[in-house]
Amino acid sequence: MDTKSYIQETENQLVHVYNRFPIVLERGEGVYLYDANDKKYLDFGSGIGVMGLGYGNKEYTDALTDQLHKLIHTSNLYYSDVIDSAAKGLKKASGMDRVFFTNSGTEAIEGALKAAKKYAYLRDGNNSDHEIIAMNHSFHGRTMGALSVTGTEHYRTPFEKLIPGIRFADYNDIDSVRSQVTDKTCAIILETLQGEGGIYPAEPEFIAGLKQLQQEKDILLIFDEVQCGMGRTGSMFCFQQYDIQPDIITAAKAIGCGVPVGAFLMTERVADASLEPGDHGSTYGGNPLACRAVDEVLKIYEKEDICGHVKALTPYLEEKLDGLAGKYSAIKERRGRGFMQGLELDPSVPVGDVIHQAQEKGLLLLSAGSNVLRLLPPLVIEKEHIDEMAGILDEIFAKYEKA
Ligand SMILES: *Cc1c(COP(=O)(O)O)cnc(C)c1O
């Protein structure tokens with residue numbers, strides 16, 4: 001079947017919630033993807049930040065193959081030999097104390113919200129009348145709880161009423177957050193680096209202000225590290241680059257490097273005074289296959305010093321992107337940390353057009369917000385891949401300059 005008929009056929013089967021690009025991908029190798037016509041694409045999207053190790057890592061594939069043969073699933077009624085190892089690895093990587101494995105990022109958010117609510121419920125004498133502060137332009141997922149704290153109104157409106165008691169504040173504006181604090185505030189949830197909203201890193205002063213609220217008022221800090229965690233910004237988790245100890249963090253995307261798995265993690269203090277048996281659960285969550293993926297990913301990260309690699313190559317990536325931003329008026333600003341970078345485009349240059357042109361030239365990119373070109377390459381890219389990406393963007397932006 002040719003690509004066009006295949007796409008039409010597929011669309012006839014699915015609920016139409018995605019506007020997919022007209023590309024049928026078939027296989028991946030390293031940091032490249034190949035479509036059904038064997039056209040090669042340099043991947044600067046990583047399946048939306050998931051494929052941290054790129055495609056076809058041998059140790060990872062061997063470990064999962066071994067696990068497929070041994071045991072895929074048991075339910076959480078039993079123990080299995082890989083849960084402990086995956087949890088220990090994640091604890092070591094994050095410095096947090098207790099782990100709950102989920103199947104996705106949005107489920108990690110659900111669990112984090114429940115843990116925060118339960119903590120406040122027990123602390124305040126079985127009173128559940130609490131509020132949570134979330135950020136404008138945030139993204140936390142598509143399920144009802146995560147949607148409730150997602151700061152893009154048009155995502156929420158059709159599905160109201162959502163969970164009550166959510167107040168929105170401006171990111172990087174501590175006065176705005178303070179103005180939303182009441183006696184009922186039990187938690188503040190934020191992305192350590194806003195992703196979907198347009199690639200906005202948190203300013204250290206903002207985090208310091210949140211720390212003050214955490215200490216003064218026992219307001220729990222929930223840091224959503226689903227996108228910016230797992231080495232993407234040059235440390236295992238992005239919050240580790242600030243002077244802060246979050247009470248709860250969420251992770252997903254790259255923690256399984258392709259196998260659907262997420263997690264929320266807590267400090268011991270919160271774990272001992274929040275969720276109890278019966279409060280939360282998941283049939284699949286942290287099954288042996290998912291845990292083996294997490295375990296192996298963490299082993300490979302350590303062995304190959306993935307964070308060190310990201311840190312070492314970041315100045316080169318930033319230099320190349322800054323070079324483009326300086327050269328072309330189509331690019332207003334570069335923002336980001338590590339391998340989570342955004343180029344804010346001039347409103348006259350539609351980000352979708354740039355993405356399409358890049359695809360024609362064999363480069364896959366993402367967008368964020370309405371006018372930000374988002375780059376989330378696999379964490380194993382080398383200088384030559386950065387050069388290849390920058391060369392393609394240079395050709396594309398040169399055309400806008402002449403027009
Ligand atoms: C992607 C994302 C989520 C949701 O993860 P899913 O696995 O799609 O449910 C939550 N928070 C952030 C910051 C994300 O980038």
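Which helix holds Gln67? In this predicted model, Gln67 is found in helix H3, which covers residues 58–70, and it makes a good starting point for a walk through the structure. Because its relative accessibility is 1%, Gln67 counts as buried. Setting aside residues up to four places away in sequence, Gln67 touches Ile72, Val82, Pro288, Leu289 and Arg292. With Arg292 there is also a polar contact, since the two side chains are joined at 2.9 Å.

From here, let us turn to the nonpolar interior. As background, nonpolar side chains in soluble globular proteins tend to be buried together. The largest nonpolar core of this model has 97 residues. Ile188, Tyr301, Met389, Leu393 and Phe397 are the residues with the most contacts inside that core. Helix H11, residues 288–304, supplies the largest share of this core, with nine residues. The core also draws on two domains: at least three residues come from each of domain 1 (3–56 + 305–402) and domain 2 (71–304).

Phe397 is worth a closer look on your screen. Leaving out residues up to four places away in sequence, Phe397 touches Tyr328, Ala330, Ile331, Leu345, Val354 and Leu373. A second core, separate from the one just described, has 24 residues, among them Phe168, Cys186, Ile189 and Phe264.

Leu373, one of the residues touched by Phe397, leads us to strand E17, residues 372–375. Val372 and Arg374 point one way from E17, Leu373 and Leu375 point the other way, and all are buried. That fits a general pattern: in a regular strand the side chains alternate between the two faces of the sheet. Strand E14 (residues 340–345) runs antiparallel to E17 and is joined to it by four bridges. Strand E16 (residues 366–368) is also antiparallel to E17, here with three bridges. Val372 takes part on both sides, as the bridge partner of Glu344 and of Ala368. Three residues lie between the strands in the hairpin of E16 and E17, where Gly369 takes a positive phi near 60°.

Elsewhere, four strands form an open sheet with mixed pairing, in the order E1-E2-E3-E15. Strand E1 (25–29) and strand E15 (363–364) stand at the edges; each has a single partner strand, so one side of each lacks a neighbour in the sheet. The partner of E1 is strand E2 (residues 32–35), paired in the antiparallel sense over four bridges. Within that pairing, Leu25 stands opposite Asp35 in E2.

Loops can hold buried residues too, as Phe139 shows. Phe139 is found in the loop between strand E5 (131–135) and helix H6 (144–148), and because its relative accessibility is 17%, it counts as buried. Apart from neighbours within four places in sequence, Phe139 is in contact with Thr150, Tyr155, Glu191, Glu196 and Asp224. Asp129 is ten residues from Phe139 in sequence, and the two are 24 Å apart in space, C-alpha to C-alpha.

Finally, what about the cysteines? The structure holds zero disulfides. For Cys238, the nearest cysteine sulfur is that of Cys228, 4.6 Å away, and Cys238 is in no disulfide. Because its relative accessibility is 0%, Cys238 counts as buried. Cys257 is likewise in no disulfide, and the nearest cysteine sulfur, that of Cys307, is 11 Å away. Cys257 counts as buried because its relative accessibility is 2%.

Note on methods. Residues numbered from 1 in each chain as written. Predicted model: local features only at pLDDT ≥ 70, side-chain atom pairs only at ≥ 80, totals over all residues. Heavy atoms only, no water. Disulfide = S-S within 2.5 Å. Buried < 20%, exposed > 50% of the residue type's maximum accessible area, 1.4 Å probe, protein only. Core = buried A, V, L, I, M, F, W, Y, C linked by side-chain atoms within 4.5 Å. Helix = DSSP H or I, 4+ residues; strand = E, 2+ residues; numbered from the N terminus. Domains from an automatic or database assignment. Contact = heavy atoms within 4.5 Å. Polar contact = N/O pair within 3.5 Å; in protein donor to acceptor, adjacent residues only side chain to side chain. Pairing = 2+ DSSP bridges.
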